Amino acid sequence: MRHTGFSRRTALRGAGALGLAAIGGLVTRPAVSSAAATTGGATTDVAAPRMTVNRLEPGTFAGQIFFTFRTADAGGVEIADTAGTPVWSTSGPAGYFDFQAQTYRGRPVLTWWQGGGNPAGGGTGTGIDVLTTFDHAPVATIGASGAFQPDIHELRLTPQHTALITSYVAVPYDLSSVGGPADGQVLNSYCEEVDIASGQVLHRWSALDHVPLTDSYVAAPTTADEAYDFFHINSISITPDDHLLISARHTCALYKINRSTGQVVWRLGGKSSSFAVAPDAVFGFQHHASYETPDTIRLFDDGSDGLTTWHPSRVAWLRVATGTMTATLAEDMSIPGNAQSAAMGSAQRLPNGNVFVSWGSNPRLSEFSPRGDLLFDATLDSPSYRAFKYPTHLA
């Protein structure tokens with residue numbers, strides 16, 4: 001059954017076995033991880049890895065770097081200074097993704113996702129979203145709502161004290177229209193808005209209800225036991241007029257979604273674009289799309305999914321003119337040597353105008369001046385899905 005808009009639910013998301021009790025042990029321990037947010041009560045204490053700083057120039061924004069890491073036995077989140085020295089971290093046997101500083105009810109909080117699945121292989125995950133204060137006291141967790149479990153790709157807090165999150169659920173579906181089995185499955189992408197305090201799911205948007213399978217650039221599976229991830233939602237942000245901007249890696253497109261009705265207002269990029277996209281503005285397999293100005297969208301343009309490569313990875317700014325329904329390239333920035341990222345990645349405009357970039361599956365962090373000069377460049381021991389830089393006083 002297809003729905004014309006958001007599904008409205010009163011179901012509550014519970015923290016379950018990974019709830020607040022599991023993160024109650026968070027402590028500050030400089031340069032050493034504090035094993036706290038864990039699964040099943042077990043802890044794994046690992047040394048916080050030190051990034052290798054290859055370039056540090058005058059003009060770099062004064063702040064601390066937030067990223068995630070993975071070792072053979074554990075995962076974790078870390079804050080480091082610009083020299084690469086760990087300032088704080090926490091770790092455990094789960095995977096950790098999307099470590100950020102955000103605002104909840106007027107105060108700063110730390111947020112991240114933790115759980116299991118195959119996110120490191122370009123896939124999805126099932127787990128919980130965690131909020132703590134900056135002195136590391138628990139604030140809230142967002143857990144499962146029936147079959148819907150928080151996925152790694154997005155945890156965005158809103159001024160309405162809600163969270164925009166992603167979930168993936170496999171559903172039976174006839175894939176014969178795209179060369180797959182008639183008794184197949186779709187790994188459907190969902191955008192959910194959740195009231196953080198109560199866990200109530202306010203809205204749930206289904207990609208399958210609004211986007212045809214034929215818009216995907218990924219081949220359908222040939223067996224019924226493999227679910228078709230045709231859409232692959234990987235970011236949600238708020239538009240200047242308070243609607244939603246959704247990024248889908250596997251359709252190489254962005255979607256403006258009416259926040260009240262769930263209707264697709266327009267599509268940017270991909271096979272069914274509402275806009276005429278200039279050749280140098282074409283993007284593919286992208287991540288982390290967000291409006292930077294009322295008419296400019298910033299995104300991390302992977303340009304590749306590891307199998308198909310369109311162009312080297314970059315940060316791109318697209319000027320979107322809804323009057324003429326055209327999209328042009330306003331600016332782009334690439335890593336020296338035009339390195340390729342097959343998955344993940346993020347880009348952040350800093351308060352001084354610089355741009356901070358995580359190159360995703362390419363375990364590298366960079367900071368550029370507003371003119372595009374490379375001011376900071378570092379390598380990590382393991383890839384970080386996203387990475388961010390915040391003023392030192394926050395932490």
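Two strands count as paired if DSSP finds at least two bridges between them. Strands themselves are DSSP runs of E with at least two residues, helices are runs of H or I with at least four, and both are numbered from the N terminus. With that in hand, Ala276 has Thr326 in strand 23 as its bridge partner. The link between strand 19 and strand 23 (residues 326-333) consists of two bridges, and the two strands run parallel.

A word on the source. This is a predicted model, where local features need pLDDT of at least 70 and side-chain atom pairs count only at pLDDT 80 or more, while totals for chains, interfaces and linings use all residues. Residues are numbered from 1 along each chain as its sequence is written, and side-chain values use heavy atoms, with hydrogens and water left out.

On the whole, the protein chain is a matter of strands: there are 28 of them and one helix. Of its 395 residues, 58% count as buried, where buried means under 20% relative accessible area, exposed means over 50%, and partly exposed lies in between (1.4 Å probe, protein chains only). As for contacts (heavy atoms within 4.5 Å), 54% of those between residues at least 6 apart in sequence join residues at least 24 apart.

Back to the sheets. Strands 19 and 23 belong to an open sheet of five strands, ordered 19-23-22-21-20 and mixed in its pairing. Strand 19 (276-277) and strand 20 sit at its edges, each pairing on one side only. Another open sheet takes four strands in the order 6-7-8-9, and here the pairing is antiparallel. Its edges are strand 6 (95-104) and strand 9 (138-142); each has a single partner strand, so one side of each is left without a neighbour in the sheet. From one strand to the next the twist averages 20°, with axes taken as lines fitted to C-alpha atoms (for helices over the stretch in contact) and angles running from 0 to 180 degrees between N-to-C directions. Inside this sheet, nine bridges hold strand 7 (residues 107-117) and strand 8 (residues 125-133) in an antiparallel pair, and Val109 faces Thr133 of strand 8.

Strand 26 (residues 364-368) deserves its own paragraph. Five of its five residues are buried, so the strand is largely enclosed by the rest of the structure. Both faces are covered, with Arg364, Ser366 and Phe368 buried on one side and Leu365 and Glu367 buried on the other. Strand 25 (residues 355-358) joins strand 26 through four bridges, running antiparallel, and Val355 has Phe368 as its bridge partner. The two strands make a hairpin with five residues between them, and Gly360 in the turn has a positive phi of about 65°. Strand 27 (residues 374-379) is also antiparallel to strand 26, this time over five bridges, with Arg364 opposite Thr379. Strands 26 and 27 form a hairpin too, again with five residues in between; Gly372 in this turn has a positive phi of about 100°.

Now for the empty space. On a 1 Å grid over the protein atoms alone, a cavity is a set of points where a 1.4 Å probe fits but cannot get out, whereas a pocket is an open set with protein on both sides within 12 Å along at least five of seven lines; lining residues have an atom within 4 Å of a point. Grid points are joined across faces, edges and corners, and a volume is the space filled by probe spheres set on the points.

The largest pocket holds about 530 Å³. It is lined by 22 residues, and Gln100, Ala101, Gln102, Arg156 and Tyr390 are the closest to its centre. Two or more lining residues come from each of strand 6, strand 10 (155-157), strand 20 (287-293), strand 24 (346-349) and strand 28 (388-391). Strand 6 gives the most, with four residues. The lining splits into twelve nonpolar, six polar and four charged residues, with Ala, Val, Leu, Ile, Met, Phe, Trp, Tyr, Cys and Pro counted as nonpolar, Asp, Glu, Lys and Arg as charged, and the others, Gly among them, as polar.

Cavities of 30 Å³ or more number three. The second largest has about 30 Å³ of space, and its lining residues include Pro49, Phe67 and Asp381.

Lastly, Asp81 sits in the loop between strand 4 (75-80) and strand 5 (86-92). Asp81 is partly exposed, at a relative accessible area of 26%.
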